[in-house]
Amino acid sequence: MVTIVVATTSDPASINPAYALLAMPGWLPVPAPSLLQQGIKSFANKNVRFLQHDKGIVEEDDLDRRWEEATGEAVDEVIFFSKHTAVSNRPALTVHPIGDVPPQGGRPGWAAPPDPRIGPWLRLLKKLAQSHNLVPEFEITLEGTHHGPITIKPTMFLEIGSTDEYWKRQDAAKVIALLVWEGLGLGGGAAVGNWGREDERNKVLLGIGGGHYAPRHMDIVMKEGVWVGHLLSGYSLPMEDPSQSKENGNTDCIGGTWRQSIKVAIEATKSAFPGGDVLAHLDHKSFKGWQKNAITAYLGELSIKIGKPNDFI
């Protein structure tokens with residue numbers, strides 16, 4: 001099983017962490033398989049494969065499947081380096097799962113399995129950022145599930161935000177590179193975030209509601225030992241409000257694609273955490289009463305329990 005790390009030369013917040021990572025010991029260039037598109041460079045270090053291409057980071061679909069077909073190596077997970085943009089322009093280091101919001105890559109009704117390392121690596125990222133004096137200048141945060149590219153393996157994005165000034169920061173690039181280096185155990189230490197191999201905790205948070213940065217979910221995820229799956233921000237759960245929708249929380253009366261988003265997120269999260277107990281965590285304040293009732297009823301139909309903060313610890 002191999003981990004694929006992907007960067008693009010078209011994005012300084014992607015290629016700078018890549019250069020910092022490749023400057024660490026043990027990397028060897030390997031010929032890119034012929035089944036991959038021309039212009040892709042590849043490197044190997046233990047069980048990690050690093051791929052560099054020239055397209056936008058969300059434009060290269062199916063790199064995991066294509067690598068497996070070309071090399072015969074089974075892919076365990078995919079990690080992307082990318083820039084992050086925000087209206088606030090605030091400097092940030094972010095982590096997030098992917099899926100379901102075209103036109104930024106992806107497709108409707110799709111979500112990649114979330115990489116089980118997301119929770120443990122977010123906590124490691126904060127420690128590394130603090131040790132390199134990036135905090136409090138940089139915010140360390142999760143983002144809700146969004147964009148592609150298409151993958152079928154557990155996937156996450158590691159991003160630097162939020163303007164050109166910060167995308168080019170070498171200290172931020174180094175911290176992202178160290179996160180991968182330490183998180184995958186390339187430096188000789190134990191890898192961080194191996195699901196099912198580290199402890200007996202098996203509760204997995206599926207975040208539902210809130211804004212793009214979901215601070216109420218973050219409050220839980222930052223606690224040691226918490227695993228995190230997909231995070232569905234409120235904008236990814238469009239719900240129509242016909243008058244009959246308020247009757248007894250009948251989910252059949254409420255239009256929109258919210259059911260599909262929830263179902264796909266649950267299925268993808270379960271596939272990433274085999275044997276895990278997936279619990280929904282609702283940002284109650286982000287929903288109107290009829291919306292919360294409908295989501296609660298639908299989760300019940302799918303046999304997903306709603307957890308309180310202490311249920312995940």
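Begin by selecting helix α3 (residues 118-131) together with helix α5 (residues 170-183), whose axes come within 10 Å of each other and cross at roughly 130°. Because of that angle, α3 counts as oblique to α5; the scheme calls angles under 35 degrees roughly parallel, over 145 roughly antiparallel, 65 to 115 roughly perpendicular and the rest oblique. Axes here are lines fitted to C-alpha atoms, for helices over the stretch in contact, and the angles run from 0 to 180 degrees between N-to-C directions. The helices and strands themselves are DSSP runs (H or I of at least four residues for helices, E of at least two for strands), numbered from the N terminus.

Before going further, note that this is a predicted model, in which local features need pLDDT of at least 70 and side-chain atom pairs count only at pLDDT 80 or more, while totals for chains, interfaces and linings use all residues. Residues are numbered from 1 along each chain as its sequence is written, and side-chain values use heavy atoms, with hydrogens and water left out.

**The helix pair α3 and α5**

Keep both helices on screen and look along the crossing, which is right-handed; this term applies if the near helix is turned clockwise from the far one by less than a right angle, and left-handed applies if anticlockwise. Now show side chains: Trp121, Leu124, Leu125, Leu128 and Ala129 of α3 meet Val175, Ile176, Leu178, Leu179, Val180, Glu182 and Gly183 of α5, where contact means heavy atoms within 4.5 Å. Sorted by class, this contact of α3 with α5 holds ten nonpolar, one polar and one charged residues. In that sorting, Ala, Val, Leu, Ile, Met, Phe, Trp, Tyr, Cys and Pro count as nonpolar, Asp, Glu, Lys and Arg as charged, and the others, Gly among them, as polar.

**The helix pair α1 and α5**

Leave α5 selected and add helix α1 (residues 12-22); the axes of α1 and α5 come within 8 Å and cross at roughly 55°. That angle makes α1 oblique to α5, and the crossing of α1 and α5 is right-handed. The residues to display are Asn16, Pro17, Ala20 and Leu21 of α1, with Gln170, Ala173, Lys174, Ile176, Ala177, Val180 and Trp181 of α5. They divide into eight nonpolar, two polar and one charged.

**The eight-stranded sheet**

Which order do the strands of the open sheet of eight follow? Tracing across it gives β2-β3-β4-β1-β5-β8-β6-β7, with mixed pairing, where two strands pair if DSSP finds at least two bridges between them. The edge strands are β2 (28-30) and β7 (139-142), each pairing on one side only, and neighbouring strands of this sheet are turned by 25° against each other on average, direction ignored.

At the β7 end, select strand β6 (residues 92-96), which runs parallel to β7 and is joined to it by four bridges; leucine 93 has isoleucine 140 in β7 as its bridge partner. Returning to α5, one finds it packed on the sheet, touching β1, β3, β5, β6 and β8 (155-162), with its direction at about 165° to that of β8. Helix α2 (residues 63-71) lies across β1 (2-8), β3 (41-45), β4 (48-53) and β5 (75-85), and runs at about 125° to β1.

**A loop residue**

Next, pick valine 87, in the loop between β5 and β6. At 86% relative accessibility, valine 87 counts as exposed, given that exposed means over 50% relative accessible area, buried under 20% and partly exposed in between (1.4 Å probe, protein chains only). A distance label from the C-alpha atom of valine 87 to that of threonine 163, 76 residues apart along the chain, should read 9.7 Å.

**The three-stranded sheet**

Move on to an open sheet of three strands, ordered β10-β9-β11 with parallel pairing. Here β10 (227-232) and β11 stand at the edges, each with a single partner strand, so one side of each is left without a neighbour in the sheet. Strand β9 (residues 203-208) is joined to β11 by six bridges, glycine 207 having histidine 281 as its partner in β11. Five of the six residues of strand β11 (residues 277-282) are buried, so this strand is largely enclosed by the rest of the structure.

**A buried serine**

Finish at serine 261, in helix α7 (residues 258-272). Is serine 261 buried or exposed? With a relative accessible area of 6%, serine 261 is buried, and, leaving aside its neighbours within four places in sequence, serine 261 is in contact with Asp100, Leu232, Ser236 and Leu237.
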